[in-house]
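The exercises below ask the reader to work through one structure step by step. Try each task before reading its solution.

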Amino acid sequence: MSNNVPITVAHGDGIGPEIMAATLHILKEAGARLDIETIEIGEKVYLAGNSAGIAPEAWDSLRRTKVFLKAPITTPQGGGYKSLNVAVRKTLGLYANVRPCVSYHPFVETKHPVMDVVIVRENEEDLYAGIEYRQTDQVEECLKLISRPGCEKIVRYAFEYARRNNRKKVTCFIKDNIMKQTDGLFHRVFDEISTDYTDITADHWIVDIGAAKLADPPENFDVVVMPNLYGDILSDVAAQIAGSVGLAGSANIGENVAMFEAIHGSAPRRAGQNLANPSGLLLGAVLMLVHINQTDIAERVHNAWLRTLEDGVHTYDIFTDGVSKEKVGTKEFAEAVVKRLGQKPETLKAISYKAGDEAVEAKPLISNRAPAKKELVGVDVFLDWHTGSAEELGASLQAVKTEGVKLALISNRGVEVWPAGQPDTFCTDHWRCRYFANDSTITHAQITTLLQAVAGAGFDFIKTENLYNFDGKAGYSGATK
Ligand code: NAD
């Protein structure tokens, strides 16, 4: 029986086929033990009428092999096309996006000669649920969803990754001074889980100052874990300041399937000219080899690639006069790496992967906690209303007869405007009207009666949010005063 590991490969669009051919050539010459199934994804599939850019039989291959090496694809311009990456990540539950961002000073120009940061980005939640609404003439909404299991999975992954890869510190980036509930949960879970990893330093930064410090100087960071949107933005920033987005690969890890790719796109303007740098995809493939426990091959490829960089054999995107020695195309770069298989870098640090470095266990490590006691204590009724001032709205709503609840406050874009508003607050047509129980709790029936009364008085309610206490603690945000 063959020891080969089945993998699924997509050659992608634009520069994709060229960098994939270069990558597969290097893997083959390095002795990677792979059985390759090829699938079609991207532009052709989109244009053939499949709005997700991936055909049904391609999913079968991914579920069968569980390992996906993917070249970048082009998303056609115009409406109606869904992001293939988001579809693959969400459908296959690829919850962790891991991006090592390393500088290769003095061989690739960078302001940060000793950068070696791994960004671990949560990949399924946050604003990427894609749940958006236009609610009034003036206001649109996007829901930011953060779950406890989602936080536990990604934070534990980051600590496990750090431990397996001999990293010393995990930093969490959040904005919980503003988003106390959602980012607050991420931060709390980070603090809880960090206590299981006393061998690793844990710290946290508010994302704005954290991002500034990551940009300059990145040496203070090791592994950085963050929710989806911050991770999306900062992993590109980190890759770019390390040297070039063209040099970074990434892994998308799920409980059953994992996907490996370059972080850049299909660069259509560079396609078909033997110009593109295959390094990002090649480093994605190295992460894949580690994942499937072919650490011997991963090490051979990675070190030969470092040696190639060090020898000054560079594609146009990283070519610098005086530093680089030879400007090469995609194919020639691949040949240069193949020629150096078995060699190690002399100045840059050689890589050593141990057998057993393979995939950090992606099994669900979700804590077994008793659910909190949940009590319905009120409701926020959101109105589309544009005919007067906050005082007039407050007075009109107070005149509506309610049962079991009373109007406690009105806010506009989160700022309290009634009963204690400020004259300077700008108001849109989107109002949050908060009702609390007269006694300690209310019923769903009382909410229904309230909504009927509000609608009956001529108001357009556009949505409601129930106000719950969990174990006696408010599970909703207050208004800015
Ligand atoms: P891009 O990353 O494709 O290219 C931006 C620029 O970076 C290019 O013009 C080129 O100068 C340079 N570049 C990128 N990769 C390079 C490489 N390997 N070698 C040399 N130079 C390289 O970003 P874009 O132009 O914004 O997007 C082009 C297409 O790629 C779009 O259709 C976009 O949707 C898609 N995209 C796909 C993925 C993916 O499949 N994972 C990711 C990002 C963008």
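**Exercise 1. A strand pair at one end of a sheet**

Which residue in β20 is the bridge partner of F470? Then place β20 in its sheet.

Solution. The model is a predicted one.

Step 1. The partner of F470 is K473.

Step 2. β20 runs antiparallel to β19, which spans residues 460-470, and two bridges join these strands.

Step 3. The sheet is open and has six strands, with antiparallel pairing and the order β17-β16-β18-β15-β19-β20. Its edges are β17 (415-418) and β20 (473-474); each has a single partner strand, so one side of each is left without a neighbour in the sheet.

Step 4. A helix also packs on this sheet: α13, residues 444-456, touches β15 (374-384), β16 (405-412), β18 (430-437) and β19. The direction of α13 makes about 15° with that of β15.

**Exercise 2. The ten-strand sheet**

Give the strand order of the open sheet with mixed pairing, and find its edges.

Solution.

Step 1. Ten strands follow one another as β2-β1-β3-β12-β11-β4-β5-β10-β8-β9.

Step 2. At the edges stand β2 (34-39) and β9 (201-206), each with a single partner strand, so one side of each has no neighbour in the sheet.

Step 3. On average, and with direction ignored, neighbouring strands of this sheet are turned by 25° against each other.

Step 4. For one pair in detail, take β4 (residues 96-102) and β5 (residues 116-122): they run antiparallel and are joined by seven bridges. Within this pair, C101 has V117 of β5 as its bridge partner.

Step 5. Now add the helices. Helix α4, residues 84-91, lies across β3 (67-70), β4, β5, β11 (249-253) and β12 (258-262), and runs at about 155° to β12. Helix α6, residues 182-194, packs on the sheet where it touches β8 (169-174), β9 and β10 (223-226); its direction makes about 165° with that of β8.

**Exercise 3. Backbone exceptions**

Where in the chain does the cis peptide bond that joins H105 and P106 fall? Look also for a cis bond at P217 and check the phi of D126.

Solution.

Step 1. Start from the usual case: most residues other than glycine have a negative phi, and most peptide bonds are trans.

Step 2. Between H105 and P106 the peptide bond is cis, with omega about 0°. P106 is in the loop between β4 and β5.

Step 3. D216 and P217 are likewise joined by a cis peptide bond, again with omega about 0°. P217 is found in the loop between α7 (207-215) and β10.

Step 4. D126 is not glycine, yet its phi is positive, near 70°. This residue is in the loop between β5 and β6 (132-134).

**Exercise 4. The ligand**

How many residues surround the ligand, and which are the closest?

Solution.

Step 1. The ligand is surrounded by 19 residues, and I73, G265, A267, N277 and Y316 are the closest.

Step 2. Sorted by class, this shell holds seven nonpolar, seven polar and five charged residues.

Step 3. Look for polar atoms facing oxygen atoms of the ligand, with a cut-off of 3.5 Å. K70 has a polar side-chain atom 3.3 Å from a ligand oxygen atom. From the backbone, a polar atom of S266 is 3.0 Å from an oxygen atom of the ligand, and a backbone N or O atom of A267 is 2.7 Å from one.

Step 4. On its own the ligand has 810 Å² of accessible area, and the protein covers 68% of this.

**Exercise 5. The surroundings of K168**

Which residues does K168 touch, leaving out those up to four places away in sequence?

Solution.

Step 1. K168 is in the loop between α5 (148-164) and β8.

Step 2. With those sequence neighbours left out, K168 touches I200, T201 and D222.

Step 3. The side chains of K168 and N166 make a polar contact at 3.1 Å.

Step 4. G243 is 75 residues from K168 in sequence, and their C-alpha atoms are 23 Å apart in space.

Conventions: Residues numbered from 1 in each chain as written. Predicted model: local features only at pLDDT ≥ 70, side-chain atom pairs only at ≥ 80, totals over all residues. Heavy atoms only, no water. Pairing = 2+ DSSP bridges. Helix = DSSP H or I, 4+ residues; strand = E, 2+ residues; numbered from the N terminus. Contact = heavy atoms within 4.5 Å. Axes fitted to C-alpha atoms, helices over the stretch in contact; angles between N-to-C directions. Near = heavy atom within 4 Å. Polar contact = N/O pair within 3.5 Å; in protein donor to acceptor, adjacent residues only side chain to side chain. Areas by Shrake-Rupley, 256 points an atom, 1.4 Å probe, with all protein chains shown as cover. Nonpolar A, V, L, I, M, F, W, Y, C, P; charged D, E, K, R; others polar.
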